[in-house]
Amino acid sequence: MILSEIPNIKHTDANNFFLLAGPCAIESEEMALRIAEKVITITDKLTIPYIFKGSFKKANRSRIDSFTGIGDEKALKILRKVSETFNVPTVTDIHEVSDAEKAAEYVDVLQIPAFLVRQTDLVVAAAKTGKVVNLKKGQFMSPAAMKHAVQKVKDVGSHKAWITDRGTMFGYQDMIVDFRGIPEMREFAPTILDVTHSLQQPNQAAGVTGGRPEMIETIARAGIVNNVDGLFIETHFDPANAKSDGANMLHLDNLESLLTNLVAIRKTVNNLFELVI
């Protein structure tokens with residue numbers, strides 16, 4: 001999958017990592033536009049190819065009373081508004097076969113949640129839309145097993161597949177990233193590191209997922225050093241009051257300094273690679 005094939009994506013010749021970033025869930029038009037504007041300002045300054053991320057609904061919830069969305073069509077229209085306002089591509093996750101065609105009318109990349117990446121009908125439905133399919137590695141899967149998910153996309157006749165590592169279960173209530181998996185999965189498809197979900201602490205007794213956002217830069221740096229193609233970061237201007245995944249999100253005020261450091265690391269890695277060859 002060539003990054004420049006995505007509509008409206010910028011800075012593809014910058015030799016930089018690309019970024020999927022935004023809120024966990026679309027909460028309102030105002031919040032989506034506010035976050036998108038801030039991230040676009042930063043990524044334009046740093047010449048980072050950027051895709052705005054926001055879930056139009058949340059199906060994987062610990063409790064039945066957890067926030068699931070503001071309404072499918074309303075949220076999808078907000079994603080389109082972000083795209084049209086800022087001339088930026090967008091990504092959202094889908095959970096059912098019927099979601100694929102519906103979401104594809106509004107966004108440029110369809111994301112398959114980690115819990116659902118083995119669901120053949122869902123992956124095939126996403127691939128058939130012709131959109132890029134971002135396959136999140138299951139927390140229960142080895143890196144090598146992701147070649148089969150990628151192959152499902154290819155078998156439909158599409159080359160538009162990405163893999164995103166979001167950590168592997170480490171006991172009952174923690175995640176860990178095995179960085180050996182990045183070069184392995186890059187053999188199958190461009191590979192993204194989901195920094196914030198890798199720091200989740202799921203299955204808490206209270207039914208609300210915890211997290212360790214203070215480790216975001218540590219994980220992100222390691223991903224860049226290991227030559228990951230892209231980063232996935234959920235960010236919000238008020239994580240404590242976010243409707244979903246606030247415990248592991250990056251505060252929007254901290255995004256520029258993080259990305260500035262990561263761009264510097266990527267340049268160093270690129271220079272070292274040039275010296276080696």
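Is Glu73 buried, partly exposed or exposed? In this predicted model, Glu73 is partly exposed, with a relative accessible area of 47%. Its partner is Lys77: the two side chains form a salt bridge, and the closest N and O atoms are 3.3 Å apart. Lys77 is also partly exposed, at 46% relative accessibility. Glu73 and Lys77 lie 4 residues apart in helix α2, so about one helical turn separates them. An α-helix has 3.6 residues a turn, so residues three or four places apart point the same way.

The count of salt bridges comes to 13. Side chains of opposite charge can pair when their charged atoms come close. Helix α7 holds another of these pairs, Glu217 with Arg221, at 3.0 Å from N to O. Glu217 and Arg221 are 4 residues apart in α7, which means a separation of about one helical turn. Glu217 is partly exposed, with a relative accessible area of 24%. Arg221 is partly exposed as well, at 39%. Beyond these pairs, salt bridges with shared partners join Lys57, Asp72, Glu96, Asp99 and Lys102 into one network.

Within that network, the side chains of Lys57 and Asp99 meet at 3.3 Å, N to O. This pair links distant parts of the chain, 42 residues apart. Lys57 sits in the loop between β2 (50-53) and α2 (72-86). Asp99 belongs to helix α3 (residues 97-104). Lys57 has 15% relative accessibility; buried means under 20%, so Lys57 counts as buried. Asp99 is buried too, with a relative accessible area of 0%.

Two positively charged side chains are placed over aromatic rings. Arg34 lies over the face of Phe237, at 3.8 Å from the ring centre. Lys136 lies over the face of Phe232, at 4.0 Å from the ring centre.

The nonpolar interior was examined next. The largest nonpolar core has 69 residues. Those with the most contacts inside this core are Leu19, Phe52, Ile94, Ile112, Leu135, Leu231 and Leu259. Helix α1 (residues 29-46) gives the most to the core, with 9 residues. A second, separate core has 12 residues, including Leu3, Phe18, Val132 and Trp162.

Leu231 illustrates the contacts of one core residue. With residues up to four places away in sequence left out, Leu231 touches Phe17, Phe18, Leu19 and Leu20. Its contacts also include Ile192, Leu193 and Val195. Ala220, Ile224 and Leu262 are touched by Leu231 as well.

The structure holds 1 aromatic pair. Phe18 and Trp162 form this pair, which is tilted, with 4.8 Å from centre to centre and 40° between the planes. Phe18 lies in strand β1 (residues 18-22) and Trp162 in strand β6 (residues 161-165), so the pair ties together parts that are 144 residues apart in sequence. Both Phe18 and Trp162 are buried.

Two helices were considered by their buried residues. In helix α7 (residues 216-225), these are Ile216, Ile219, Ala220, Gly223 and Ile224. They cover an arc of only 135° around the axis, so they lie on the same side of α7. Ala220 and Ile224 are among the contacts of Leu231. Asn227 follows α7 and has a positive phi, near 65°.

In helix α4 (residues 120-128), the buried residues are Leu122, Val123, Ala125, Ala126 and Ala127. The buried residues of α4 pack against α3, β4 (109-112), β5 (132-136) and α5 (146-155). Gly130 follows α4, and its phi is positive, near 85°.

Ser244 occupies the loop between β12 (230-236) and β13 (250-251). At 4% relative accessibility, Ser244 counts as buried. Ser244 and Ala125 are 26 Å apart in space, C-alpha to C-alpha, and 119 residues apart in sequence. Ala125 is one of the buried residues of α4.

Terms used. Residues are numbered from 1 along each chain as its sequence is written. This is a predicted model: local features need pLDDT of at least 70, side-chain atom pairs count only at pLDDT 80 or more; totals for chains, interfaces and linings use all residues. Side-chain values use heavy atoms; hydrogens and water are left out. Buried means under 20% relative accessible area, exposed over 50%, partly exposed in between (1.4 Å probe, protein chains only). The arc is that of the directions from the helix axis to the C-beta atoms. A nonpolar core is a set of buried Ala, Val, Leu, Ile, Met, Phe, Trp, Tyr and Cys residues joined through side-chain atoms within 4.5 Å. Contact means heavy atoms within 4.5 Å. Rings of Phe, Tyr and Trp (its six-membered ring) pair if their centres lie within 6.5 Å; planes under 30 degrees apart count as stacked, over 60 as edge-to-face and the rest as tilted. A charge sits over a ring if NZ of Lys or CZ of Arg is within 6 Å of the ring centre and within 35 degrees of the ring normal. A salt bridge is a side-chain nitrogen of Lys or Arg within 4 Å of a carboxyl oxygen of Asp or Glu.
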